[in-house]
Amino acid sequence: KDASDKAIAIAESNGKYTFKMPGSAVTVSATFKAESSSLPFTDVDTGDWFYEAVQYAYENGMMNGTGYTTFSPCLNTSRGMIVTILWRLEGEPEPATANPFPDVAADAYCAKAVAWGAENGIVKGYGDGNFGPNGPITREQLAAILYRFAQFKNADVSASGTLSAFTDAAEVSGYAQEAVKWAVDSGIITGKANRVLDPTGKATRAEAAVMLQRFNEMNTR
């Protein structure tokens, strides 16, 4: 504004704003507007470390929200949901064999996905013969499933780094050793603060979105 409180015309060119200086003193003020999110979730902000991964997973039909306006990034991801995501990526094929797990009901949302995953060696159950569809998936379990899915897709799984950089490398279960090394060397898992891998920790929905994005982009290059 000029000395008479009149607004001064502003010109914009290539992101630069200019104005013609009047004969009197001027007052310059600016109003900043935060970048808006293209996601419908009020609990995922553009500044969150997982924002791009959630956006990727949502826009590619890999993950939906837990409600119309919530994604719940800190909630645990279930084993049934992870298998369902991979089944969707594959085009929701009809399984050729019956579901082998007694704790997966025939009308469960993940029934076909689990049956498909089992017949193709992508998922395995627990020692008691159950699958645990509603149980939280651990980070090493997720790595193992992604590793087997990559093998199913005939992707290159030769990457195999060392886990010596992590202080809790000894906590990786025997069955998941090869898969976790592959996931680390491929950049799918990068670990947490203080060089912690947290292999048996539960994978949150945000962590699952990040791992799924890295995995999918790695196999679509």
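This passage looks at the salt bridges of a predicted model and at how exposed or buried their residues are.

Side chains of opposite charge can pair when their charged atoms come close. A search of the whole structure turns up five such salt bridges, and three of them are described here in turn.

A good place to begin is the pair formed by E94 and K112, whose side chains meet in a salt bridge with an N to O distance of 3.2 Å. This contact links distant parts of the chain: E94 lies in the loop between α2 (79–89) and α3 (111–119), while K112 belongs to helix α3, 18 residues apart. E94 is exposed, with a relative accessible area of 58%, whereas K112, at 40%, is partly exposed.

A salt bridge also connects R139 with E207, and here the closest N and O atoms are 3.6 Å apart. Again, distant parts of the chain are linked, since R139 sits in helix α4 (residues 139–152) and E207 in helix α6 (residues 205–218), with their positions 68 residues apart in the numbering. Both ends of this pair are under the 20% limit for burial: R139 is buried because its relative accessibility is 6%, and E207 is buried with a relative accessible area of 12%.

Turning to K192, this residue pairs with D198 in a salt bridge whose closest N and O atoms are 2.7 Å apart. K192 is partly exposed, its relative accessible area being 35%. Through salt bridges that share partners, R139, K192, D198 and E207 are joined into one network.

Conventions
Residues numbered from 1 in each chain as written. Predicted model: local features only at pLDDT ≥ 70, side-chain atom pairs only at ≥ 80, totals over all residues. Heavy atoms only, no water. Salt bridge = Lys/Arg side-chain N within 4 Å of Asp/Glu carboxyl O. Helix = DSSP H or I, 4+ residues; strand = E, 2+ residues; numbered from the N terminus. Buried < 20%, exposed > 50% of the residue type's maximum accessible area, 1.4 Å probe, protein only.
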